[in-house]
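Student: Could we go through the packing and the empty space of this model together, with the terms spelled out as we use them?

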Amino acid sequence: MADLQEAKIVGTPALDGRYISEMDMWPLECQEFNRLYQFYDNLREGRFTTTKCKKCGHIAFPPGVICPRCWSEELEWVDLTQRAKVVTFTETQAGAPLGFPPPLILAWLNFGKDSPIKHLLVRIINCAEGELKEGDEVKLVVFEVPAHPIEVKRETKVCNRVYYAFEPVKSASM
Amino acid sequence: MAKKTNAVIVGGGVSKFGVRQAQIFDLFQEAAKACSDDIPALKPTDVDGLIVCTTMAGRHSSALNTAPLVAHRLGLKPTSICIRLDTLCAGSNSGIIVAKGLVESGIAEVVMVTGAEKVFMPQRWETNYTQLAVNDHDWDSAMGLGVPPPFFAMIAKMHMKRYGTTKEQMAHVSVANYNYGSTNPKAHFYPKTLSMEEALSARLIAEPFGLFDCCSLSDGGSAVIIASEERAEDLSDRPLVYIRGTGQHATHSMSAGWPGETLAEWPHLKRAAEVAYKNAQVSPKDIDVAQTHDCFSISEIVEVEELGFCKKGEGGAYVASGAINIDGERPINTDGGLLSHGHPFGASGARQSFELCKQLQGRAVNQVKGAKFALAHNLSGTCAQHTVVIYGTEPVE
Ligand SMILES: [Zn+2]
């Protein structure tokens, strides 16, 4: 086996440090690559939204470009509730993927009987290990995630991105 | 007019599972070799169809159009079908469902269903990072849902809360399956045995799971031969094992679509099983031996409930009663299951079905005496899809 110390060329220099979307942990959110870009634009405005069917009234999550109940394309964006209760949760001890530093807290949320989304599995941030309890109320939090380049004709454009998680309501005032 | 033929499982083979010094085509070749050792009369020219089941081959092995590459490596020149199939953890049992349809319709006569994964990469981080691509990437994975233990830990916590299931009951699953696997040299953790004390004092993975509650990812491959009963009789003198009925039910892709009242109820498994039982014309009480998807100890507990082996909520007591042991009413995971074998996603289904084939032919290592009906089950994704295959020593009338 070759000695890494003595190797002249290591890795994949052909890529020359390029961005590889296949290895990206975040979605491609921009309009050029995703018809659901509005979801992320709404997040930037602090709105948690999804698509509602104008034909049958079904509210789907995740959003889409057709209604999964009646296959209509006539959809509109509607706001979802931004608060939910923790049903159960785990604090990952080991083995979390790169990019999710410990404590990686995952929670199963209940959005209440009036919400079209009953449950969602989410990441809880702004919360110390051992702090979260079953029954706690959490709320939506939006944050920036790394941008990525796209080629537009001969130019390289930068797509800024956001994503969302939830945080304990009691830490909201910080 | 040609009479309807029945599809049977003739035999099969598995590679050594584990952290393997091998690339994916090595594993496909090892599985095929084991399969040919099991069916000595089988020649490459007998196989007219090939179904290649793998999830990681695109990402981890840069082998996107996998089926023709595997055909070449195995010396097969399929004339009826040569496809890749990916249903993650249910890959090769999905392939067996497809093969049954092809054989019984007359499109194919002798189909190899093979699955393999090369999970472990030169650097360990890559394996866990790739898990972000096997869940619903833009939604659940971006929340950090990668490797499965956190999700199944929530299932366990909820089952404990709603039904009073205990860590001791979960440990009964780990102990049974590790001890079955201690007789199986192909298992990742062979020849390890496990005691209750060791299971309960293992290091914590994710509360309430200790090390032995969680199956390991593994590299490995498996292969089975599905054929018409006429061709099966040419290939082997062993008793015929019929694929009596199958069911596969997918309800959602991401956590927002979970179909149960809570995570402790799996109505989608119940439904998949109902479809399979109906097609197979059997009921849960008829099943003599089963291979259920024990990715975690709690999984087997929920599965015995939803498969109808006991009442809902009594899975913990059922496994602790010894029912799943070799002298129990319905031995489960008699080759060691996922807990002892490890889990190369696309390879696990055919590994399970090969064990059931041996059980119904009376030649398993941990043989269930007089077994007539057997059931294989996989869950896949974030417990989003369930796959059930039922075998029997007689065809459906
Ligand atoms: Zn609609």
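The exchange below takes up the cores, the pocket, one strand residue and the cavity.

Tutor: This is a predicted model, in which local features need pLDDT of at least 70 and side-chain atom pairs count only at pLDDT 80 or more, while totals for chains, interfaces and linings use all residues. Residues are numbered from 1 along each chain as its sequence is written, chains are lettered from A in the order in which they are written, and side-chain values use heavy atoms, with hydrogens and water left out.

Student: Which helix gives the largest share of the largest nonpolar core?

Tutor: A nonpolar core is a set of buried Ala, Val, Leu, Ile, Met, Phe, Trp, Tyr and Cys residues joined through side-chain atoms within 4.5 Å, where buried means under 20% relative accessible area, exposed over 50% and partly exposed in between (1.4 Å probe, protein chains only). The largest one has 102 residues, and those touching the most other members are Phe48(A), Phe61(A), Tyr163(A), Tyr164(A), Phe166(A) and Phe152(B). Its largest share, seven residues, comes from residues 149-163 of chain B, helix α5 (helices are DSSP runs of H or I, at least four residues, and strands runs of E, at least two, numbered from the N terminus).

Student: Where does the largest pocket lie with respect to domain 1 and domain 2 of chain B?

Tutor: A pocket is, on a 1 Å grid over the protein atoms alone, an open set of points where a 1.4 Å probe fits, with protein on both sides within 12 Å along at least five of seven lines, and lining residues have an atom within 4 Å of a point. The largest pocket holds about 990 Å³ of space, a volume being the space filled by probe spheres set on grid points joined across faces, edges and corners. Of its 45 lining residues, the closest to its centre include Val147(B) and Cys215(B). Because domain 1 (7-123 + 219-235) and domain 2 (147-214 + 244-392), with bounds from an automatic or database domain assignment, both give residues to the lining, the pocket lies between them.

Student: Is Gln385(B) buried or exposed?

Tutor: Gln385(B) belongs to strand β11 (residues 385-392) of chain B. Beyond its neighbours within four places in sequence, Gln385(B) has contacts (heavy atoms within 4.5 Å) that include Thr87(B), His249(B) and Asn378(B). With a relative accessible area of 17%, Gln385(B) is buried.

Student: What volume does the largest cavity have?

Tutor: A cavity is a set of such grid points from which the probe cannot get out, and the count comes to one of 30 Å³ or more. Among the residues that line the largest cavity are Ile9(B), Arg238(B) and Gln361(B). Its volume is about 40 Å³.
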